[in-house]
Amino acid sequence: MKTLGKRLTLRHTLAGVVMAAGLVSGAQAQDITLRYGHMNAPNSIAGKQAEWLADAIKEKTDGDIAVQVFPSSQLGKLQELAEGVSTGTIALSHNTAGAIGSLHPPFAAFDTPYLYRDVDHLMSVVDTSSPLMTRLNEELVDAAGVRVLYGFYFGSRNLTADRPVTHPDDLDGVKIRSIPFPIYMAAVEGLGAVPVPVDWSEVPTALATGVVSGQENPVNVAVSHKLYEVQSHMMETGHIIAAEMVLINEGVWQGLSDEHQSALLAAADDVRERATQYVLESEREDTETLREQGMTIIGPDEGLDIEAFRTSVEARVMEEFADQYGEFYSQVEAIE
């Protein structure tokens, strides 16, 4: 829990954070520009929601606050973006829970494979007003000077590859790209493959050149980044029901007026709901797009052994993380 002294220190040091984060005050104090950097393509769901947030903040603050969005890793790679919000070089970004775990390790547990009953359960868990998320958000502020503004449903992560896969044994010795953080490395190992950590900005080239034979991501990512050009198959493993979390630098947040904080929270509520519904509605359409582009989709009807993947992934993840995150998992299970 932050002390009053820490709050005051954050407010007094905002001027330095402003300069670094690209938070530019105009002639009047209410004229503020915030920089939002992320790794996704502008036409991806994650990219679109960043623009929606910029529009919503402008509207709800009557133009007092503008958000400049820098997509496609213009301001840094995955790890650099998380660190950038922490150090104040950027004001806002979105990232995976696993990447946020580099700032405060318990956040990585949100991306544990096969953890949530369904999307509604996930969204209840990552709601910033839930007891679990409230506590972890306070810890994140203390640990890294960052808070989660909101989380939105990013999609269910599926495996894509340059070959058909129906069982973990089919991936024995096969190199699959992994997000370069431990929980994702363990998940890829559980799928049966050899995890190769590659930053997202380098994935298309790694797939095209055969450095890796596949990757795992929500179906929208496969569409927006045209992975059908370098991958022949998508396996509907659905191994991680994932949320992306939008972060804001705490110094920037504390420097905003109460009115502006309320406006940002209202914008966050609108965008969280809009982005989540957009993903839910587009997943089936995106899968059909991949079929139209020539990818073969393998699900249970095509012989995909979901239970074999579930058993293998859960065993591998629990082997490494059960002691560290056991209490977290119990709290998640208890959330309705």
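Which residues do ring pairs link into a cluster?

## The aromatic cluster

In this predicted model, the cluster joined by ring pairs is made up of Phe 107, Phe 110, Phe 321, Tyr 325, Phe 328 and Tyr 329. Let's look at one pair from it. Phe 110 and Phe 328 meet edge-to-face, with 5.0 Å from centre to centre and 90° between the planes. Phe 110 belongs to the loop between helix 5 (97-100) and helix 6 (119-126), while Phe 328 is in helix 13 (residues 306-334), so this pair ties together parts that are 218 residues apart in sequence.

Both rings are easy to classify by accessibility. Phe 110 has a relative accessibility of 1%, so it counts as buried. Phe 328 is buried too, at 7%.

## A second long-range pair

The count of aromatic pairs comes to 7. Among them, Trp 52 and Tyr 278 have ring centres 5.6 Å apart and planes at 75°, and because an angle over 60 degrees counts as edge-to-face, that is the label here. Trp 52 sits in helix 3 (residues 45-60) and Tyr 278 in helix 12 (residues 258-292), so the contact ties together parts 226 residues apart in sequence.

Trp 52 is buried, with a relative accessible area of 12%, whereas Tyr 278 is partly exposed at 30%.

## Charges over rings

Trp 52 has another partner: the charged end of Arg 274 lies over its ring, 3.9 Å from the centre. Likewise, Arg 35 is placed over the face of Phe 70, 5.8 Å from the ring centre.

## The cavity

There is 1 cavity of 30 Å³ or more, and the largest cavity has a volume of about 130 Å³. It is lined by 13 residues, of which Met 39, Asn 40, Thr 96, Trp 200 and Asn 217 are the closest to its centre. By class, the lining holds 6 nonpolar, 4 polar and 3 charged residues.

Definitions and conventions:
Residues numbered from 1 in each chain as written. Predicted model: local features only at pLDDT ≥ 70, side-chain atom pairs only at ≥ 80, totals over all residues. Heavy atoms only, no water. 1 Å grid on protein atoms, 1.4 Å probe; cavity = no way out; pocket = protein on both sides within 12 Å on 5 of 7 lines; lining within 4 Å. Points joined across faces, edges and corners; volume = space filled by probe spheres on them. Nonpolar A, V, L, I, M, F, W, Y, C, P; charged D, E, K, R; others polar. Phe/Tyr/Trp six-rings, centres within 6.5 Å; stacked < 30°, edge-to-face > 60°. Helix = DSSP H or I, 4+ residues; strand = E, 2+ residues; numbered from the N terminus. Buried < 20%, exposed > 50% of the residue type's maximum accessible area, 1.4 Å probe, protein only. Lys NZ or Arg CZ within 6 Å of the ring centre and 35° of its normal.
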